[in-house]
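Visitor: Please give me a close look at a single part of what is displayed here. I should like each term to come with its cut-offs.

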Protein chains: 2
Amino acid sequence: MPANNTRSYPNSQPTPRSQNLEDIAAKAGVSRSTVSRVINNEPHVSEKTRHKVLAVIQAEGFTPNPAARALVTQRTQVIGVVIPQVPLILFEDAYYFPTLLQGISRVTNARDYSMLLWLGQADGDEERFYNRIISNRLMDGVIIASAGENYPLIDHFLRVQTPFVLVERPARRHDQNRISYVTIDNIAAAREAVTHLIRLGHTRIGTITGNLAIADGIDRLEGYKQALYAAHLPVDNRLIAVGNFTYHSGYEGAQKLLAQVGDHQSGKALDAIFVASDIMARGVVEALQEAGLNVPDDIALVSFDDLPTAQQVRPPLTSVHHPVEEKGAHAADILIDLIEADDPVPQQIMLPTELIIRQSCGEY
Amino acid sequence: MPANNTRSYPNSQPTPRSQNLEDIAAKAGVSRSTVSRVINNEPHVSEKTRHKVLAVIQAEGFTPNPAARALVTQRTQVIGVVIPQVPLILFEDAYYFPTLLQGISRVTNARDYSMLLWLGQADGDEERFYNRIISNRLMDGVIIASAGENYPLIDHFLRVQTPFVLVERPARRHDQNRISYVTIDNIAAAREAVTHLIRLGHTRIGTITGNLAIADGIDRLEGYKQALYAAHLPVDNRLIAVGNFTYHSGYEGAQKLLAQVGDHQSGKALDAIFVASDIMARGVVEALQEAGLNVPDDIALVSFDDLPTAQQVRPPLTSVHHPVEEKGAHAADILIDLIEADDPVPQQIMLPTELIIRQSCGEY
DNA sequence: AGACCTTCTGAGAGCGCTCCCGCCTAATTC
DNA sequence: GAATTAGGCGGGAGCGCTCTCAGAAGGTCT
């Protein structure tokens, strides 16, 4: 750290010290306290002095020093956003995390917060990543996106009572009610998607699941089963291929289903597939076409996420739409509510989804 | 703002005040100053006391209060990242901004900074957006991505001598040498791409330009022209369609070229197109196929950016690869250098590109 | 007229850190 | 052995703000 704080620039006078409350007070002919009151919109300031002070603030372009303010209030008006799995997410679904950030940003802008972004690195030095976040005490609260179940940060923030919100359901934690999160109703959405296939007359419906270590994967499979139960159709394990949300796992999953249920050209061993993500569905389409099968005539497809890619695939995919931007916005809103509450109560929100009908399910 | 700073949680004792230097000093049996010296890795501390203090810090999990530190040092170890055109960028090229952020994040992590993210909103209240950024004094410096030429923030940061780096070349500013930026050599890259088409025997080469209000658009067109000059081919204005980097403008641009140079089924009025972005190229492919033309047999295509989509389009696109992640990393590195320099000197960096050969140019 | 509010304002303390200054001790020099 | 020097350490000031407290000014009531 350099010895002199006032950095020197070539051919220019040294940067002038920026103004403080005292300077503004002197120019307005009042005290520091009064200026502070005006800035913080407190009562008990006469209209006359308020205007006088505001005029000076405006003229001087004064903004109070956030560090000094934070030092005394113990508040920074900054929230953190932690996205651990960036390389993975980015590779599979580039829209997700910018869209989420966009939603968060909309709310932080509106509620006068700013966001500190923490992206996990490809090098995978998670220990260091966590430590940097934990030791950064500049944040009033944190949004954690797609972290998985036992993410160490969760326990840390619970322990030190830092408000935080997860963007996902922490499926296997016993303390779900102590944790705030926003998610979608994966079960209901998957049930609706599969029910739609059933309504179209399909009876041999397979599924390619997402990663069954996280709630999105678990719940979409559960919804698939519930739809079959409700229609009194059997749940056949040979019709369930476990994937992990990647293109490749979709491709392989489709091949596995085809292999497991025998000859599809003739017998109607499999007539539709519910795929737990659009990215996987792209792989499924590829595999089916390679096998000489037509979508949707031979096998109908419904998938999940409704990414832009769903419209670009041939045939366009019927898919469950996901309000990602809204997830971000709600997460930020809940978090700021927690931060500002005298007596914070964890909140859990499930956002509605919508089944978008396109050609892959054969109804179009 | 609540009257009491120590927030109360239900069924728990009030949050204990977090420790400070004085507490650590007491536990280690030294003074506040010595602890500060240890934390800041200053000399003139005996190895013995240094170890003793470090042990206590470790045991207590102590981290110094960043607000207090910032208050006296005038440094926050925070850089800002401003991305004004998010909705536009996101719609056209979802990979760009997460990848850029990823690059920035890699460097900030390594150099012990954190990043404050500012995303432009769809509502387009730019005035308010700028003001929020300007009045946030929590940042030691700023990276501004894809802002366009006369972005008000540029002038502001120049005026108040806040270090900043642009991710793009500020094409039409006369004060380019006062401004730090990182970009690619668009002219050379475009020249190489077009020269490649010429080498493959094409002589009637059209182009669909990007947005000619920004450097990327201007320079890629310039590179196209330079390649023609060098090969002694005429620059025919009827072969130049002005686009703006969007899918739609690519689609329309292709139709315009076809219309302007007459009958393409028979006469060889147009045999190749250099498209200034992959996104536009997707539109071009669509338009050409609708016109019954085969890519690359009837019309060869070379485009720019090498997004993942370039591999997914049929035929896969020959395209100029763009080191977006590296752009972010370099921008962050330059910025932090500027921040930490006693005597900052603006830097301009041009990163190398690479022409990736795929099927759309007909060579494969 | 005095007592009592009520509204407005200013002074002082203190948040937790860094940095300057000066003291103490031990090592080095003549 | 006295004088000097250097390393190691502690105390004080102050960064710019908020918040409490007390005082000044003005109005209302007995």
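Guide: A polar side-chain atom of B:Arg32 lies 2.9 Å from a base oxygen of DNA strand D. This is a polar contact, that is, a pair of N or O atoms within 3.5 Å; within protein, one atom must be able to donate a hydrogen and the other to accept it, and residues adjacent in sequence count only if both atoms are side-chain atoms. The model is predicted, so local features are given only at pLDDT of at least 70 and side-chain atom pairs only at pLDDT 80 or more, while totals for chains, interfaces and linings use all residues. Residues are numbered from 1 along each chain as its sequence is written, chains are lettered from A and ligands numbered from 1 in the order in which they are written, and side-chain values use heavy atoms, without hydrogens and water.

B:Ser33 also reaches a base of DNA strand D, with a polar side-chain atom 2.7 Å from a base oxygen. B:Ser31, by contrast, places a backbone N or O atom 2.7 Å from a phosphate oxygen of DNA strand D. In total, 27 residues surround DNA strand D, and A:Leu21, A:Arg32, A:Ser36, B:Ser31 and B:Thr34 come nearest. Of the atoms of DNA strand D that come within 4 Å of the protein, sugar and phosphate account for 61%. A residue is called near a molecule or strand when one of its heavy atoms lies within 4 Å of it.

Both protein chains build this surface. Helix H2 (32–39) and helix H4 (66–73) each supply at least two residues near DNA strand D, in chain A and in chain B. H4(A) gives the largest share, five residues. Helices (H or I, at least four residues) and strands (E, at least two) are DSSP runs, numbered from the N terminus. By residue class, the surface near DNA strand D divides into 10 nonpolar, 12 polar and five charged residues. Here Ala, Val, Leu, Ile, Met, Phe, Trp, Tyr, Cys and Pro count as nonpolar, Asp, Glu, Lys and Arg as charged, and the others, Gly among them, as polar.

DNA strand C is surrounded by 28 residues, of which A:Thr34, A:Arg37, B:Leu21, B:Arg32 and B:Ser36 are the closest. Sugar or phosphate makes up 61% of the atoms of DNA strand C within 4 Å of the protein, and bases make up the rest. A:Arg37 has a side-chain N or O atom 2.8 Å from a base nitrogen of DNA strand C. Two phosphate contacts come from chain B: an N or O atom in the side chain of B:Ser36 is 2.7 Å from a phosphate oxygen of DNA strand C, and a polar backbone atom of B:Asn65 is 3.0 Å from a phosphate oxygen of this strand. H2 and H4 of both chain A and chain B each contribute at least two residues to the surface near DNA strand C, and H4(B) contributes the most, with five. This surface holds 10 nonpolar, 12 polar and six charged residues.

H4(B) itself can be followed from end to end. At its start, a side-chain oxygen of B:Asn65 reaches to within 2.8 Å of the backbone nitrogen of B:Ala67. The buried residues of H4(B) are B:Ala67, B:Ala70 and B:Thr73. They lie on the same side of H4(B) because they cover an arc of only 145° around its axis; the arc is that of the directions from the helix axis to the C-beta atoms. Buried means under 20% relative accessible area, exposed over 50%, and partly exposed in between (1.4 Å probe, protein chains only). H4 of chain A is among the elements that cover these buried residues, where contact means heavy atoms within 4.5 Å. Just after H4(B), B:Gln74 takes a positive phi of about 65°.

Finally, A:Leu21, one of the residues that come nearest to DNA strand D, belongs to a further helix, H1(A), which spans residues 21–28. A:Asn20 caps the N-terminal end of H1(A), with a side-chain oxygen 3.1 Å from the backbone nitrogen of A:Glu22. The buried residues of H1(A) are A:Ile24, A:Ala25 and A:Ala28. Seen down the axis, they fall within an arc of 100° and therefore line one face of H1(A). Their cover includes H2 and helix H3 (47–60) of chain A. A:Gly29 follows H1(A) and has a positive phi, near 70°.
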